[in-house]
Amino acid sequence: MTTAIGNDNNANSHTDAPEPLLEVEDLRIAFESSTGVVEAVRDFDLTIYPGQKVAIVGESGSGKSTSAMAVLGLLPGTGKVTQGSVSYTHLRAHETVLDL
């Protein structure tokens with residue numbers, strides 16, 4: 001199990017909450033192997049707000065790096081996002097949003 005831990009130093013009330021910089025919802029990632037499809041990450045959610053510090057912690061092989069690479073659009077080999085969404089806000093004109 002992978003867990004995202006956040007620490008928001010800007011304790012905003014819910015009415016003043018800013019829009020998230022990054023929002024990952026229900027992400028699933030799979031790899032094809034010689035024996036079939038291996039689902040490496042299931043139901044990964046993450047929301048990061050401006051000023052928030054986040055650490056993703058978990059056991060070896062729990063999907064931390066795979067999830068991060070998927071968010072960046074850099075999955076290796078046969079890795080594919082099979083479900084979910086990744087949304088960015090405050091992008092510059094030359095940046096793009098991942099089309100999953």
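Strands β2 and β3 form a hairpin with two residues between them. In this predicted model, strand β2 covers residues 22-33 and strand β3 covers residues 36-48, and the two pair in the antiparallel sense over nine bridges. Strands here are DSSP runs of E with at least two residues, helices are runs of H or I with at least four residues, and both are numbered from the N terminus. Two strands count as paired if DSSP finds at least two bridges between them. Within the hairpin, leucine 22 stands opposite isoleucine 48 in β3.

A word on conventions is useful here. Residues are numbered from 1 along each chain as its sequence is written. Because the model is predicted, local features need pLDDT of at least 70 and side-chain atom pairs count only at pLDDT 80 or more, while totals for chains, interfaces and linings use all residues; side-chain values use heavy atoms, with hydrogens and water left out.

The hairpin also carries charged side chains. Side chains of opposite charge can pair when their charged atoms come close. A salt bridge is taken as a side-chain nitrogen of Lys or Arg within 4 Å of a carboxyl oxygen of Asp or Glu, and by this rule the count comes to two. In one of these salt bridges, glutamate 39 is joined to arginine 28, with the closest N and O atoms 3.0 Å apart. This pair links distant parts of the chain, since glutamate 39 is in strand β3 and arginine 28 is in strand β2, 11 residues apart. Arginine 28 also meets the side chain of aspartate 43 in a salt bridge, at 3.1 Å from N to O. Arginine 28 lies in strand β2 and aspartate 43 in strand β3, so this pair ties together parts that are 15 residues apart in sequence. Arg28, Glu39 and Asp43 are thus linked in a network of salt bridges.

How open to the surroundings are these acidic residues? Glutamate 39 counts as partly exposed because its relative accessibility is 33%. Aspartate 43 is partly exposed as well, with a relative accessible area of 40%. The classes used are buried for under 20% relative accessible area, exposed for over 50%, and partly exposed in between, with a 1.4 Å probe and protein chains only.

The backbone of the hairpin has its own points of interest. Most residues other than glycine have a negative phi, and most peptide bonds are trans. Aspartate 43, although not a glycine, has a positive phi of about 55°. Aspartate 26 likewise has a positive phi of about 55° without being a glycine. Aspartate 26 is found in strand β2, and at 31% relative accessibility this residue counts as partly exposed.

Turning to the whole chain, the secondary structure comes to one helix and five strands. From the N terminus on, the elements run β-β-β-β-α-β. Of the 100 residues, 20% count as buried. The accessible surface of the chain comes to about 6800 Å², of which 51% belongs to carbon and sulfur atoms; areas come from the Shrake-Rupley method with a 1.4 Å probe, and for residues only the protein chains shown count as cover. Among contacts with a separation of 6 or more, 66% are between residues 24 or more positions apart, where contact means heavy atoms within 4.5 Å.

Beyond the hairpin, isoleucine 56 is placed in strand β4 (residues 52-58). Isoleucine 56 is partly exposed, at 30% relative accessibility. The C-alpha atoms of isoleucine 56 and leucine 46 are 9.4 Å apart in space, and the two residues are 10 residues apart in sequence.

Helix α1 spans residues 64-72 and includes methionine 69. Methionine 69 is partly exposed, with a relative accessible area of 33%. Together with Leu72 and Leu74, Met69 forms a nonpolar patch on the surface, with about 280 Å² of accessible area in total. Patches are made of residues with over 30% relative accessible area and no salt bridge, joining like charges within 9 Å and nonpolar side chains (Val, Leu, Ile, Met, Phe, Trp, Tyr) within 5 Å.

Threonine 89 sits in the segment after β5 (80-88). Threonine 89 is buried, with a relative accessible area of 18%. Leaving aside neighbours within four places in sequence, threonine 89 is in contact with Glu19, Pro20 and Leu21. A polar atom of the threonine 89 side chain lies 2.4 Å from the backbone oxygen of proline 20.

Technical notes
A polar contact is a pair of N or O atoms within 3.5 Å; within protein, one must be able to donate a hydrogen and the other to accept it, and residues adjacent in sequence count only if both atoms are side-chain atoms.
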